[in-house]
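Me: Please take a close look at one part of this model for me. I would like the open sheet, and then how the rest of the chain is tied to it.

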Amino acid sequence: TRGGVAPLPYPYRQVLRAGQRTKAGGFHFNNMSNSPKKFYVQYRMLYKVHVPTDPAVRVVNSFYWMDNYNVPGHAAIGETHRRNKFVHMPRDAVVVSLNGHLHQGGEKLVLRVKETGEEICVSRNLYHESVPCYWDCPDICPYQPHGWTAQWGTTTCYMERAITKATELESYAIYDNSCAWRGVMAWWFGWMWTGETMGAVDAAVATE
């Protein structure tokens with residue numbers, strides 16, 4: 001999502017060890033022409049070296065779920081399309097944050113416990129008021145410019161929620177179904193804590 005999510009709250013932090021290799025990701029490129037295009041991605045990374053005198057941190061790991069599909073469209077204006085997917089945590093963990101990713105026409109992405117229906121996170125699509133529709137929207141959504149403006153990001157859920165790997169979770173996305181949106185995404189990006197701590201977490205924080 002544009003701009004990414006807000007920083008993780010203390011005491012949760014991502015930690016990279018000395019010499020550790022990490023994979024850069026988090027972008028995709030749509031070529032709307034018939035000829036190949038060359039492009040470059042530049043990353044700017046901010047970090048702080050953790051020293052013994054720093055406050056202790058709980059080390060988090062990232063995880064994600066992905067779903068790509070086409071919205072059929074051709075429904076009445078205002079009607080929606082729902083896409084369901086069932087997922088599991090990669091391991092038993094405390095979920096610290098969840099952030100969704102949707103394309104144009106997306107309204108919201110919901111994660112809930114399948115057995116009880118309890119909602120864990122609702123990530124809502126944000127739209128930029130002053131930017132016209134991106135991608136191939138004029139071709140697949142004839143209601144522009146009075147329909148969907150540019151997708152600009154999604155809301156983030158923060159929590160300290162223990163979820164086991166065995167728990168079946170239901171993820172569903174809601175998209176506008178009046179237009180035949182192609183190649184849309186219903187992705188989740190999350191941070192989880194599995195118990196690893198660097199330093200001694202303050203007792204008051206550990207018991208919250």
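Reply: What follows starts at the sheet and moves outward to the cores, the disulfides and the other strand pairs.

The model is predicted.

**The open sheet**

Five strands make up the open sheet. Their order is β4-β10-β6-β7-β8, and the pairing is antiparallel. β4 (80-87) and β8 (150-154) are the edge strands, each paired on one side only. From one strand to the next, the twist averages 20 degrees.

Take the β4 edge. β4 runs antiparallel to β10 (residues 169-176), and eight bridges join the two. One pair of partners is Val87 and Leu169, the latter in β10. Leu169 also belongs to the largest nonpolar core, where it is among the residues with the most contacts.

His81 is a residue of strand β4. Is His81 buried or exposed? Its relative accessibility is 19%, and the cut-off for buried is under 20%, so His81 counts as buried. Leaving aside neighbours within four places in sequence, His81 is in contact with Ala173, Ile174, Tyr175 and Asn177, and also with Tyr69, Val71 and Pro72. Of the residues in contact with His81, Tyr69 returns below as a bridge partner in another pairing.

**The cores**

In soluble globular proteins, nonpolar side chains tend to be buried together. Here the largest nonpolar core has 32 residues. Those with the most contacts inside it are Trp65, Met89, Leu98, Leu111, Ile120, Leu169 and Trp181. At least two residues of this core come from each of β2 (57-65), β5 (93-102), β6 (106-113), β7 (119-128), α1 (137-140), β9 (156-163), β10 and β11 (184-198). Three of these suppliers, β6, β7 and β10, are strands of the open sheet.

Ile120 shows the packing at one point. Neighbours within four places in sequence aside, Ile120 is in contact with Leu98, Leu111, Arg112, Val113, Met159, Arg161, Ile163 and Leu169. Among these contacts of Ile120, Leu98, Leu111 and Leu169 are also listed with the most contacts in the core.

There is a second, separate core of seven residues. Its members include Leu8, Val94, Val96 and Trp193.

**The disulfides**

The model has two disulfides. One pairs Cys121 with Cys157, with sulfur atoms 2.1 Å apart. The torsion about its S-S bond is about 85 degrees, so the disulfide of Cys121 and Cys157 is right-handed. Cys121 sits in strand β7 and Cys157 in strand β9, so this pair ties together parts that are 36 residues apart in sequence. Cys121 is buried, at a relative accessible area of 2%. Cys157, at 13% relative accessibility, counts as buried too.

The other disulfide joins Cys141 to Cys179, S to S 2.2 Å. Cys141 is in the loop between α1 and β8, and Cys179 is in the loop between β10 and β11, so the pair ties together parts that are 38 residues apart in sequence. Both Cys141 and Cys179 are buried.

**Pairings with β11**

Now the strands that pair with β11. β2 and β11 run antiparallel, joined by eight bridges. In this pairing Tyr64 stands opposite Phe189 of β11. β5 also pairs with β11 in the antiparallel sense, over eight bridges. There Asn99 stands opposite Phe189 in β11. Phe189 thus faces Tyr64 and Asn99. β3 and β11 pair antiparallel over two bridges. Within β11, Val184 is the bridge partner of Tyr69.

**Two backbone details**

Most residues other than glycine have a negative phi, and most peptide bonds are trans. Two places in this model depart from that. The peptide bond from Tyr10 to Pro11 is cis, with omega near 10 degrees. Pro11 lies in the segment before β1 (12-13). His74 has a positive phi, near 65 degrees, and is not a glycine. The residue sits in the loop between β3 (68-69) and β4. At 74% relative accessibility, His74 counts as exposed, whereas His81 in the strand counts as buried.

Notes: Residues are numbered from 1 along each chain as its sequence is written. This is a predicted model: local features need pLDDT of at least 70, side-chain atom pairs count only at pLDDT 80 or more; totals for chains, interfaces and linings use all residues. Side-chain values use heavy atoms; hydrogens and water are left out. Two strands pair if DSSP finds at least two bridges between them. Helices (H or I, at least four residues) and strands (E, at least two) are DSSP runs, numbered from the N terminus. Axes are lines fitted to C-alpha atoms, for helices over the stretch in contact, and angles run from 0 to 180 degrees between N-to-C directions. A nonpolar core is a set of buried Ala, Val, Leu, Ile, Met, Phe, Trp, Tyr and Cys residues joined through side-chain atoms within 4.5 Å. Buried means under 20% relative accessible area, exposed over 50%, partly exposed in between (1.4 Å probe, protein chains only). Contact means heavy atoms within 4.5 Å. A disulfide is a pair of cysteine sulfur atoms within 2.5 Å.
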